[in-house]
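User: Please take a close look at one part of this model for me: the second largest pocket. What lines that pocket, and what else is worth seeing around it?

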Amino acid sequence: MAQNNKTQTETRPTPTIEDYLAIIYVMARDGEKVIAARLAETLEVASSTVTVTLKRMERDGWIAAETGKDIHLTDQGGEAARSVIRRHMLTEWMLARMLNVPWSRVHAEADQIEHAISEALETQMRTNLDDPQLCPHGNPLPGYEHVAADWLPLTRVLPGETVIIRRIHEIAEDNHELLEFLEQNGIVPGAQVEVAEVLPFNQTMRLKVGNQNTVLGFPTAKYIYIEKQA
């Protein structure tokens, strides 16, 4: 049994590589240009660190990168990326449903656990959690991207429209203070909000959630996805 666990560990990427794979997967899924500079900005690490890591990933067959072109996942890298993303999102649900961890904290807590979950435990979690299609923040698990395909960024909504919050983008999940702010103000998946005011001159919008007013800047609102009501 110990030998089997060792074999699985040896064939799985390191936690750092898994983090890179997940970010590359999300960026490619969203149609973004995947380049070293963008990865350094998203991961908040030095460009030199990203360059060294990407060279190691290319050597080990996780990515393919040609000079002057986008970085993309190999088949092996894509499979590993989908696995770590599933493990992360399933862990979020486990923490939320079984341990009652607050919505704003499950992402950060799952980051500490996801790399240690075995394939067998991942399968068991999917079964026990009824194979969810979305994470607690509304982001689609790999294979269920179609569920969120028609949702729009909040910045696309006109004043006076009432919409349903459906998703907080993965990039925004890394900002714990933002998640706490959204949770405290009821801006979470499933919430009905009215876009009361949009002010392009200062890049802000005012939302009404029940009787409460909340102001968001466009840089934040673009990571909040909604579904328009019929």
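Analyst: The second largest pocket has a volume of about 320 Å³. It belongs to a predicted model. The lining has 15 residues. Closest to the centre are Thr 11, Glu 79, Ala 80, Ser 83 and Glu 119.

Which helices supply the lining of this pocket? Helix H1 (2-11), H5 and H7 each give at least two residues. H5 has the largest share, with seven residues. By class, eight of the lining residues are charged, four are polar and three are nonpolar.

Now look at helix H7, which spans residues 119-128. Glu 122 sits in this helix. Is Glu 122 buried or exposed? Its relative accessible area is 6%. The cut-off for buried is under 20%, so Glu 122 counts as buried. Which residues does Glu 122 touch, leaving aside those up to four places away in sequence? They are Ser 83, Arg 86, Arg 87, Leu 90 and Ile 117. Ser 83 has come up before: this residue is among those closest to the centre of the second largest pocket.

Next, set this beside the largest pocket. Its volume is about 700 Å³. The lining of the largest pocket has 28 residues, and the closest to its centre are Ile 23, Thr 42, His 107, Glu 170 and Asp 174. Six helices give two or more residues each: H2 (15-29), H3 (36-43), H5 (75-98), H6 (106-113), H8 (170-173) and H10 (218-221). H5 is thus named for this pocket, and H5 also helps line the second largest one. In the largest pocket, H2 gives the most, with five residues. The lining divides into 12 nonpolar, 10 charged and six polar residues.

Where does the largest pocket lie? Domain 1 (1-146) and domain 2 (152-228) both give residues to its lining, so the largest pocket lies between them.

Finally, turn to the strands. Six of them form an open sheet, in the order E3-E8-E4-E5-E6-E7. The pairing is antiparallel. Strand E3 (152-153) and strand E7 (212-217) stand at the edges. Each has a single partner strand, so one side of each is left without a neighbour in the sheet. E7 pairs with strand E6 (residues 204-209) through six bridges. One detail to find on screen: Lys 208 has Asn 213 of E7 as its bridge partner.

Terms used: Residues are numbered from 1 along each chain as its sequence is written. This is a predicted model: local features need pLDDT of at least 70, side-chain atom pairs count only at pLDDT 80 or more; totals for chains, interfaces and linings use all residues. Side-chain values use heavy atoms; hydrogens and water are left out. Helices (H or I, at least four residues) and strands (E, at least two) are DSSP runs, numbered from the N terminus. Buried means under 20% relative accessible area, exposed over 50%, partly exposed in between (1.4 Å probe, protein chains only). Contact means heavy atoms within 4.5 Å. On a 1 Å grid over the protein atoms alone, a cavity is a set of points where a 1.4 Å probe fits but cannot get out, and a pocket is an open set with protein on both sides within 12 Å along at least five of seven lines; lining residues have an atom within 4 Å of a point. Grid points are joined across faces, edges and corners, and a volume is the space filled by probe spheres set on the points. Ala, Val, Leu, Ile, Met, Phe, Trp, Tyr, Cys and Pro count as nonpolar, Asp, Glu, Lys and Arg as charged, and the others, Gly among them, as polar. Domain bounds come from an automatic or database domain assignment. Two strands pair if DSSP finds at least two bridges between them.
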